[in-house]
Amino acid sequence: MSAGYSNASASASYSNASASASSSSSLNSSFPDTEDDQLIASILQEDANSKAEGKLGKRLSHLDSIPHTPRVNGEIPDVSDATFDHERLSERLTTYGLAELQIEGDGNCQFRALADQLFRSPDYHKHVRKQVVKQLKHFRKLYEGYVPMPYKSYMKKMKKSGEWGDHITLQAAADRFGAKICLVTSFRDTCYIEIVPKNQNPSGELWLSFWSEVHYNSLYASGDVPSRKSRRKHWLF
């Protein structure tokens with residue numbers, strides 16, 4: 001997301017090494033490993049033992065989630081509404097003791113935020129997008145009914161770098177990586193959404209913030225936001 005405004009500005013660790021891009025779930029066995037898959041799996045294996053499991057999930061287990069319905073993106077709000085939405089989201093994050101790792105706003109922010117949660121680097125966003133598109137392609141029946149356009153056109157669009165992710169790609173990411181995606185939102189009536197993988201129990205959690213129809217960031221407990229160098233200016237409000 002994030003390409004809609006010029007002045008606009010989503011985590012517990014996903015700690016199970018078995019949730020790597022090449023072997024995180026039974027679904028993943030449908031696809032052969034690539035060199036990138038193997039490299040990322042190696043990174044996860046080396047880092048797995050240093051991560052605390054379910055840290056945010058345990059602390060925020062009292063949050064009520066609404067049922068998730070995959071959908072394409074809605075209209076970008078005007079500047080006034082977006083400003084109020086951002087303030088609402090910021091207040092919620094403060095209340096819950098959460099902080100954002102600011103993700104670059106180049107249209108890939110959903111995939112960058114997921115890559116940060118999965119692989120501790122937003123730079124793996126192309127790999128995440130590739131895996132999500134594979135999921136959409138190979139398990140078409142799971143997602144086609146939520147897409148209000150020819151499915152092949154939707155797939156072609158989502159392959160492109162810079163194309164905004166939506167709640168369908170979030171569901172596909174949850175399914176592909178075998179993870180529960182925990183989304184703290186700016187929605188007026190819905191502050192928290194859980195996106196769980198279909199047909200399997202989640203082996204980890206990915207925490208994102210969602211500034212409605214504008215931007216995703218990667219979430220951590222306050223004080224635990226890692227220092228990551230970005231090659232470009234990130235998306236600040």
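Hi everyone, let me start with one residue. Leaving out residues up to four places away in sequence, S212 touches P77, D85, S186 and F187. You will find S212 in the loop between β4 and β5. Before I go on, please keep in mind that this is a predicted model.

Is S212 buried or exposed? Its relative accessibility is 8%, so S212 counts as buried. S212 also sits across from a part of the chain that is far off in sequence: G74 is 138 residues apart from it along the chain, and the two C-alpha atoms are separated by 8.8 Å.

E213 lies in that loop between β4 and β5 as well. E213 is not a glycine, yet it has a positive phi of about 60 degrees. As general background, most residues other than glycine have a negative phi. With a relative accessibility of 7%, E213 counts as buried too.

Let me step back to the whole chain. How many helices and strands are there? The protein chain has eight helices and five strands. Reading from the N terminus, the order is α-α-α-β-α-α-α-α-α-β-β-β-β. The chain has 237 residues, and 54% of them count as buried.

Now to the helix I would like you to look at, α4. It covers residues 109-119. Eleven of its eleven residues are buried, so α4 is largely enclosed by the rest of the structure. The buried residues of α4 include R112, D116 and Q117, along with C109, A113 and A115.

What does α4 pack against? Let's take two partners, α8 and α5. In general, a pair of packed helices is described by the angle between the axes and the distance between them.

Take α8 first, residues 167-177. The angle between α4 and α8 is about 20 degrees, and their axes are 11 Å apart. That makes α4 roughly parallel to α8. The crossing of α4 past α8 is right-handed. On the α4 side, the residues in this contact are Q110, F111, L114, L118 and F119, and they meet T169, L170, A173 and F177 in α8. Sorted by type, the residues of this contact are seven nonpolar, two polar and no charged.

Then there is α5. Here the packing angle is about 100 degrees and the axes are 8 Å apart. The two helices α4 and α5 are therefore roughly perpendicular to each other. From α4 the contact uses F111, R112, L114, A115, L118 and F119, and from α5 it uses H125, H127, V128, R129 and V132. This contact divides into seven nonpolar, two polar and two charged residues.

Between these two helices, in the loop from α4 to α5, we find R120. R120 comes just after α4 and takes a positive phi of about 60 degrees. R120 is a residue other than glycine.

Next, the inside of the protein. In soluble globular proteins, nonpolar side chains tend to be buried together. Which residues touch the most other members of the largest nonpolar core here? They are V128, L136 and I181, in a core of 36 residues. Several elements give two or more residues to this core, namely α4, α5, α7, α8, β2, β3, β4 and β5. It is α4 that gives the most, with seven residues.

L136 is a good one to click on. Leaving aside neighbours within four places in sequence, L136 is in contact with Y143, Y151, Y154, M155, I168, T169 and A172. There is also a second, separate core, with 16 residues, and L63, C182, Y192 and V214 are among them.

My last stop is A221, in strand β5. A221 has a relative accessible area of 9%, so it is buried. Which residues does A221 contact, leaving aside its neighbours within four places in sequence? They are L56, R59, G97 and A99. A221 and Y96 are 125 residues apart in sequence, while their C-alpha atoms are 8.6 Å apart in space.

If you take one picture away, let it be α4: a helix largely enclosed by the rest of the structure, roughly parallel to α8, roughly perpendicular to α5, and giving the most residues to the largest nonpolar core. Thanks for listening!

How values were computed. Residues are numbered from 1 along each chain as its sequence is written. This is a predicted model: local features need pLDDT of at least 70, side-chain atom pairs count only at pLDDT 80 or more; totals for chains, interfaces and linings use all residues. Side-chain values use heavy atoms; hydrogens and water are left out. Axes are lines fitted to C-alpha atoms, for helices over the stretch in contact, and angles run from 0 to 180 degrees between N-to-C directions. Helices (H or I, at least four residues) and strands (E, at least two) are DSSP runs, numbered from the N terminus. Angles under 35 degrees count as roughly parallel, over 145 as roughly antiparallel, 65 to 115 as roughly perpendicular and the rest as oblique. A crossing is left-handed if the near helix is turned anticlockwise from the far one by less than a right angle, and right-handed if clockwise. Contact means heavy atoms within 4.5 Å. Ala, Val, Leu, Ile, Met, Phe, Trp, Tyr, Cys and Pro count as nonpolar, Asp, Glu, Lys and Arg as charged, and the others, Gly among them, as polar. A nonpolar core is a set of buried Ala, Val, Leu, Ile, Met, Phe, Trp, Tyr and Cys residues joined through side-chain atoms within 4.5 Å. Buried means under 20% relative accessible area, exposed over 50%, partly exposed in between (1.4 Å probe, protein chains only).
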